Amino acid sequence: LQLVESGGGLVQPGGSLRLSCTASGSTLTNYNIGWFRQAPGKEREGVSCISSGAGSTFYADSVKGRFTVSRDSAKSTVYLQLNSLYAEDTAVYFCAADSRQWCSPTYWPHAVWYPDWGQGTQVTVSS
């Protein structure tokens, strides 16, 4: 499964971006999708997860209330809406796919849970 992220860019503090995750030549219908980010010199951090049926979502405490994950089954696309961005949100953002039944409340933030990854999209929050 080849994942492709898009929508990153440069935004001022307090601004918004919407990231997209699609699958090249395939569909995301049966996959849970996790969003991760990695800042320079830091470990990859789980940001959010949405289950294949969109019945459950999870967020890291650092983004709760600011980021929203959603999916459009017709477009086979998963979105991550980033609002009220801080400089600390600057990172490369990745989406990752897992074919289990739903996002695990325990394991969703762990990168090893996801076999398939995109190349990432850069988000820079700066004035």
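This is a short talk on the fold, the disulfides, the cores and a few serines of one chain.

Before anything else, the model is a predicted one. I will start with the overall picture and then go to details.

The chain has zero helices and 11 strands. Read from the N terminus, the order of elements is β-β-β-β-β-β-β-β-β-β-β. The C-alpha trace spans about 40 × 30 × 25 Å along its principal axes. For 127 residues, a compact globule would have a radius of gyration near 14 Å, and the chain has 13 Å, so the two agree. Of the 127 residues, 43% are buried. If we take the contacts with a sequence separation of 6 or more, 59% of them are between residues 24 or more positions apart. The exposed area of the chain is about 6400 Å², with 48% of that supplied by carbon and sulfur atoms.

Next, some strand pairing, with β3 as the reference. Strand β1, residues 2-6, pairs with β3 in the antiparallel sense, and five bridges join them. Within that pairing, Val4 stands opposite Thr22 of β3. Strand β3 also runs antiparallel to β8, residues 77-82, again over five bridges. There, Leu17 has Leu82 in β8 as its bridge partner. As a reminder, side chains in a regular strand alternate between the two faces of the sheet.

Now the disulfides. How many does the structure hold? There are two disulfides. Counting bonded cysteines along the chain, the pattern is 1-3, 2-4.

Take Cys21 and Cys95 to begin with. Their sulfur atoms are 2.1 Å apart, and the two residues form a disulfide. This pair links distant parts of the chain: Cys21 belongs to strand β3, residues 17-24, and Cys95 to strand β9, residues 91-98, with the two positions 74 residues apart. The torsion about the S-S bond of Cys21 and Cys95 is about 70°, so this disulfide is right-handed. Cys21 and Cys95 are both buried.

The other disulfide joins Cys49 and Cys103, with the sulfur atoms 2.1 Å apart. It too links distant parts of the chain, 54 residues apart: Cys49 is in strand β5, residues 45-50, while Cys103 is in the loop between β9 and β10, the latter being residues 116-117. What is the handedness of the link between Cys49 and Cys103? With -85° about the S-S bond, the link is left-handed. Cys49 is buried, as is Cys103.

On to the nonpolar cores. The largest has 27 residues, and those that touch the most other members are Ile33, Trp35 and Leu80. The elements giving two or more residues to this core are β3, β4 (32-38), β5, β7 (67-72), β8, β9 and β11 (121-125). There is also a second, separate core of seven residues, and Cys49, Ala96, Trp108 and Trp113 are among them. So Cys49, one half of the disulfide with Cys103, is also a member of that second core.

Leu80 is worth selecting in the viewer. Which residues does Leu80 touch, not counting those up to four places away in sequence? They are Leu17, Arg18, Leu19, Trp35, Val47, Ser48, Phe67, Thr68, Val69 and Tyr93.

Last, three serines. Ser76 sits in the loop between β7 and β8. Although Ser76 is not a glycine, its phi is positive, at about 50°. Its relative accessibility is 14%, and Ser76 therefore counts as buried, the cut-off being under 20%.

Ser84 lies in the loop between β8 and β9. Here again phi is positive in a residue other than glycine, with a value near 50°. Is Ser84 buried or partly exposed? Ser84 has a relative accessible area of 37%, which means partly exposed.

Ser70, in contrast to the loop positions just named, is placed in strand β7. Its relative accessible area is 31%, so Ser70 is partly exposed. Setting aside neighbours within four places in sequence, Ser70 is in contact with Ile50, Thr77, Val78 and Tyr79. Ser70 and Phe58 are 12 residues apart along the chain, and their C-alpha atoms are separated by 11 Å.

That is the end of the talk.

Technical notes: Residues are numbered from 1 along each chain as its sequence is written. This is a predicted model: local features need pLDDT of at least 70, side-chain atom pairs count only at pLDDT 80 or more; totals for chains, interfaces and linings use all residues. Side-chain values use heavy atoms; hydrogens and water are left out. A disulfide is a pair of cysteine sulfur atoms within 2.5 Å. Helices (H or I, at least four residues) and strands (E, at least two) are DSSP runs, numbered from the N terminus. Buried means under 20% relative accessible area, exposed over 50%, partly exposed in between (1.4 Å probe, protein chains only). Two strands pair if DSSP finds at least two bridges between them. The radius of gyration is taken over C-alpha atoms; the globule rule is 2.2 Å times the number of residues to the power 0.38. Contact means heavy atoms within 4.5 Å. Accessible areas come from the Shrake-Rupley method with a 1.4 Å probe; for residues, only the protein chains shown count as cover. A nonpolar core is a set of buried Ala, Val, Leu, Ile, Met, Phe, Trp, Tyr and Cys residues joined through side-chain atoms within 4.5 Å.
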